[in-house]
Amino acid sequence: MSGPSDRVGVGLIGTGNIGKTHLTGLASLISAGLVDARIEAVCDTDTDALRSAAELFEVPKSYVDYHELVSDEDVDVVYVCTPTNKHRDMVKAAARAGKAVFCEKPLAHSCPQARDMLAVTQDAGVATGVGLVLRYDQFLLYAKDLLAEKDFGKPMLAHIRDDQRFPVDYIYYSRWRGDRAIAGGGTLIEHSIHDIDILLWLFGAVDNVFARVGFYAGREVEDMASVSLKHKNGMVSTIDSVWHWVERPNERFVEFFFEKGFIAIRLESGHRYLEYHLQGEVPVKVDEERANGALMRHLGFSRNDLSVEGFDALTAVGSERYAALSYAFLTALRRGVDPSPSFADAIAAHRVVDAAYESANLNRPVDIL
Ligand SMILES: NC(=O)c1ccc[n+]([C@@H]2O[C@H](COP(=O)([O-])OP(=O)(O)OC[C@H]3O[C@@H](n4cnc5c(N)ncnc54)[C@H](O)[C@@H]3O)[C@@H](O)[C@H]2O)c1
């Protein structure tokens with residue numbers, strides 16, 4: 001621990017796009033007094049990115065070599081926010097140094113690689129967290145509550161349409177996302193692993209997968225994936241995932257059909273909402289303010305427990321899910337309970353991703369054994 005109290009020292013590797021988002025979330029959690037932590041160190045091989053993050057977030061120590069960050073005795077928890085092909089070595093080094101690890105999704109290029117990472121963290125006895133951040137989306141949490149509280153009947157069909165401007169330029173400007181050797185794949189593993197995780201989280205494990213992928217841009221990584229999952233509970237869910245070239249915000253449109261009801265959620269755009277309709281009742285539209293109540297409940301707060309600053313830290317547009325995820329992760333570490341989602345949850349999603357790629361290659365359904 002970094003201080004006289006139980007204060008947790010955080011070290012973060014990779015101060016790019018998502019690294020800065022996590023630093024923003026962590027800084028606001030700390031300043032609102034929601035977590036007892038200090039950002040002790042940042043690391044990046046790009047010295048401009050490193051300097052700017054260290055200055056912006058007033059981080060005392062900067063490293064170019066991640067080995068130095070993981071062996072820093074003031075660092076208790078390591079956030080790994082580098083491109084995907086770097087995750088494995090960094091996670092293993094952090095775990096072997098006895099540090100709890102939070103790693104961005106996808107954990108790795110394949111399920112066996114992700115399992116290898118989990119095994120090293122288990123041998124080292126360190127806790128793990130993963131950036132499957134949609135689990136802290138207030139609308140998806142609201143949907144989870146609705147399913148627990150109301151009688152929708154059996155789930156029949158779920159569909160997620162996930163589209164994003166091809167993230168090699170535009171606001172992301174991360175050329176590595178077009179490089180299979182770094183990213184491991186395209187829109188399916190890099191973006192829709194989130195959708196797969198949500199479908200497993202809400203509707204349970206999957207028996208088999210059928211997928212088709214496309215390479216419209218002629219890149220090494222797929223820019224279209226259409227995936228059908230047969231869940232063990234009998235329902236089917238589908239994901240349609242596209243990287244296109246239109247300058248528009250990311251959009252996810254989610255629809256769940258049940259025997260006695262329907263839920264639709266529009267995420268990512270400026271008009272986020274959830275709508276549900278139960279048989280024999282009028283449709284209900286849920287706005288962000290109401291959905292925030294579900295997020296607060298899941299984090300263990302009632303609105304009156306929180307200062308305005310604390311509420312804003314957990315709900316501010318841009319870093320809201322990430323701050324909530326970090327809050328849940330750091331609070332689980334403090335309480336000595338397993339963080340959620342963990343590497344084990346990510347591995348379940350990786351199994352489905354691997355099966356989807358295999359199915360697309362073989363042009364037939366692939367069982368998940
Ligand atoms: N959970 C989410 O919603 C979410 C969103 C975006 C990205 N991601 C994931 O986060 C990871 C990073 O994505 P990004 O968009 O931030 O990429 P990025 O390119 O913006 O940032 C990556 C940073 O890592 C640095 N880096 C590369 N190699 C390094 C090394 N050896 N040591 C130290 N630093 C190194 C780069 O210089 C860069 O600053 C990817 O795995 C991506 O899939 C997750």
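## Exercises on a predicted model

In this predicted model, helix α6 (residues 138–149) packs with helix α9 (residues 193–203) at an angle of about 20°, and their axes are 11 Å apart.

**Exercise 1.** Work out whether α6 is roughly parallel or roughly antiparallel to α9, then describe their contact.

*Solution.* Start with the angle, which is about 20°. Angles under 35 degrees count as roughly parallel, so α6 is roughly parallel to α9. Next, take the handedness: the crossing of α6 and α9 is right-handed. Now list the residues that meet: α6 brings L140, L141, K144 and L147, while α9 brings I198, W201, L202 and F203. Finally, sort the residues of this contact: seven are nonpolar, none is polar and one is charged.

**Exercise 2.** Find which residues are closest to the ligand, and look up its distances to T45, T84 and H87.

*Solution.* Begin with the surroundings: 26 residues surround the ligand, and the closest are I18, D44, E104, E190 and Y322. Then go to the backbone, where a polar atom of T45 is 3.5 Å from a nitrogen atom of the ligand. Turn last to side chains: an N or O atom of T84 lies 3.1 Å from a ligand oxygen atom, and for H87 the distance from a side-chain N or O atom to a ligand oxygen atom is 3.2 Å.

**Exercise 3.** Locate the cis peptide bonds before P106 and P341.

*Solution.* Take K105 and P106 to begin with: their cis bond has an omega of about -25°, and P106 sits in the loop between β5 and α5. Move on to S340 and P341, joined by a cis bond with omega of about 0°; P341 is in the loop between α12 and α13.

Technical notes:
Residues are numbered from 1 along each chain as its sequence is written. This is a predicted model: local features need pLDDT of at least 70, side-chain atom pairs count only at pLDDT 80 or more; totals for chains, interfaces and linings use all residues. Side-chain values use heavy atoms; hydrogens and water are left out. Axes are lines fitted to C-alpha atoms, for helices over the stretch in contact, and angles run from 0 to 180 degrees between N-to-C directions. Helices (H or I, at least four residues) and strands (E, at least two) are DSSP runs, numbered from the N terminus. Angles under 35 degrees count as roughly parallel, over 145 as roughly antiparallel, 65 to 115 as roughly perpendicular and the rest as oblique. A crossing is left-handed if the near helix is turned anticlockwise from the far one by less than a right angle, and right-handed if clockwise. Contact means heavy atoms within 4.5 Å. Ala, Val, Leu, Ile, Met, Phe, Trp, Tyr, Cys and Pro count as nonpolar, Asp, Glu, Lys and Arg as charged, and the others, Gly among them, as polar. A residue is near a molecule or strand if one of its heavy atoms lies within 4 Å of it. A polar contact is a pair of N or O atoms within 3.5 Å; within protein, one must be able to donate a hydrogen and the other to accept it, and residues adjacent in sequence count only if both atoms are side-chain atoms.
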